[in-house]
Amino acid sequence: MNYDKNNIFAKILRNEADCVKVYEDSKVLAFMDVMPQAPGHTLVIPKFETTNLLNLPDEFMEPILKTTKNIANAIKKVYSPTGVMIMQLNGKEAGQTVFHLHFHIIQRSSGLEYKFHSRDVEDFDKLENEARKIRKAIAI
């Protein structure tokens, strides 16, 4: 599959679409999922045009994994879940819907009501409030 330079994450990286940023450096961007499955649902993407992990250059591998780990730990501090799901899908058949490599970080706890993905867009003020808590807890 060829990379679509007009996918939503590419637009976010070019500042052509809005997002609620959690963390950013020269290699990665982390931001709130606009259709969160649980409070704090965060996405981590490379600042590199690739549809999947299999084509990511090695120079981006450590930064994206380190950022994913650090944000997952921040989510654990903020929400005190009993688990954290880190999900990364490669290809339509695997369930990928935005074809720019991305990791989902979602808190998991018994009794927490989870929303289905791609249904309800969350209010950006609420996302900013959640992002603020996570940013404060990040130890990068």
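## Exercises on salt bridges, phi angles and helix 3

Lys21, Glu24 and Lys47 are linked in a network of salt bridges. The model is predicted, and the exercises below start from this network.

**Exercise 1. Work out which pairs make up the network of Lys21, Glu24 and Lys47, and which parts of the chain it connects.**

Step 1. Take Lys21 and look for its partner. Lys21 forms a salt bridge with Glu24, with 2.9 Å between the closest N and O atoms.

Step 2. Look at Glu24 again. Glu24 also forms a salt bridge with Lys47, and here the closest N and O atoms are 2.8 Å apart.

Step 3. Place the second pair in the chain. Glu24 belongs to strand 1 (residues 21-24) and Lys47 to the loop between strand 3 and helix 2, so this pair ties together parts that are 23 residues apart in sequence.

Step 4. Check the accessibility of each member. Partly exposed covers the range between buried, under 20% relative accessible area, and exposed, over 50%. Lys21, at 34%, is therefore partly exposed. Glu24 has a relative accessible area of 39% and is partly exposed. Lys47 is partly exposed at 29%.

**Exercise 2. The structure holds 7 salt bridges. Find the partner of Glu49 and state what the pair ties together.**

Step 1. Search around the side chain of Glu49. Its partner is Lys5, with the closest N and O atoms 2.8 Å apart.

Step 2. Locate both residues. Glu49 sits in the loop between strand 3 (42-46) and helix 2 (58-79), while Lys5 sits in the segment before helix 1 (8-13), so the salt bridge ties together parts that are 44 residues apart in sequence.

Step 3. Classify the two side chains. Glu49 has a relative accessibility of 41% and counts as partly exposed. Lys5, with 48%, also counts as partly exposed.

**Exercise 3. Describe the phi angles of Asn15 and Ser80, and say whether each residue is buried or exposed.**

Step 1. Read the phi of Asn15. The angle is positive, about 60°, although Asn15 is not a glycine.

Step 2. Place Asn15. It is in the loop between helix 1 and strand 1, and at 62% relative accessibility it counts as exposed.

Step 3. Repeat for Ser80. Phi of Ser80 is near 50°, again a positive value in a residue other than glycine. Ser80 is in the loop between helix 2 and strand 4 (83-87) and is exposed, with a relative accessible area of 59%.

**Exercise 4. Determine the span of helix 3, which of its residues are buried, and what covers them.**

Step 1. Compare the span with the expected value. Helix 3 (residues 124-137) has 14 residues and reaches 20 Å from its first C-alpha to its last, close to the 20 Å expected at 1.5 Å a residue.

Step 2. List the buried residues. Leu127, Glu130, Ala131, Ile134 and Ala137 are buried in helix 3. They cover an arc of only 120° around the axis, which puts them on the same side of helix 3.

Step 3. Turn to the other face. The face of helix 3 turned away from its buried side carries the exposed residues Asp125 and Lys136.

Step 4. Identify the cover. Strand 1, strand 2 (28-32), strand 3 and helix 2 are among the elements that cover the buried residues of helix 3.

Step 5. Inspect the start of the helix. There, a side-chain oxygen of Asp123 reaches to within 3.0 Å of the backbone nitrogen of Asp125.

Technical notes: Residues are numbered from 1 along each chain as its sequence is written. This is a predicted model: local features need pLDDT of at least 70, side-chain atom pairs count only at pLDDT 80 or more; totals for chains, interfaces and linings use all residues. Side-chain values use heavy atoms; hydrogens and water are left out. A salt bridge is a side-chain nitrogen of Lys or Arg within 4 Å of a carboxyl oxygen of Asp or Glu. Helices (H or I, at least four residues) and strands (E, at least two) are DSSP runs, numbered from the N terminus. Buried means under 20% relative accessible area, exposed over 50%, partly exposed in between (1.4 Å probe, protein chains only). The expected span of a helix is 1.5 Å times one less than its number of residues. The arc is that of the directions from the helix axis to the C-beta atoms. Contact means heavy atoms within 4.5 Å. A polar contact is a pair of N or O atoms within 3.5 Å; within protein, one must be able to donate a hydrogen and the other to accept it, and residues adjacent in sequence count only if both atoms are side-chain atoms.
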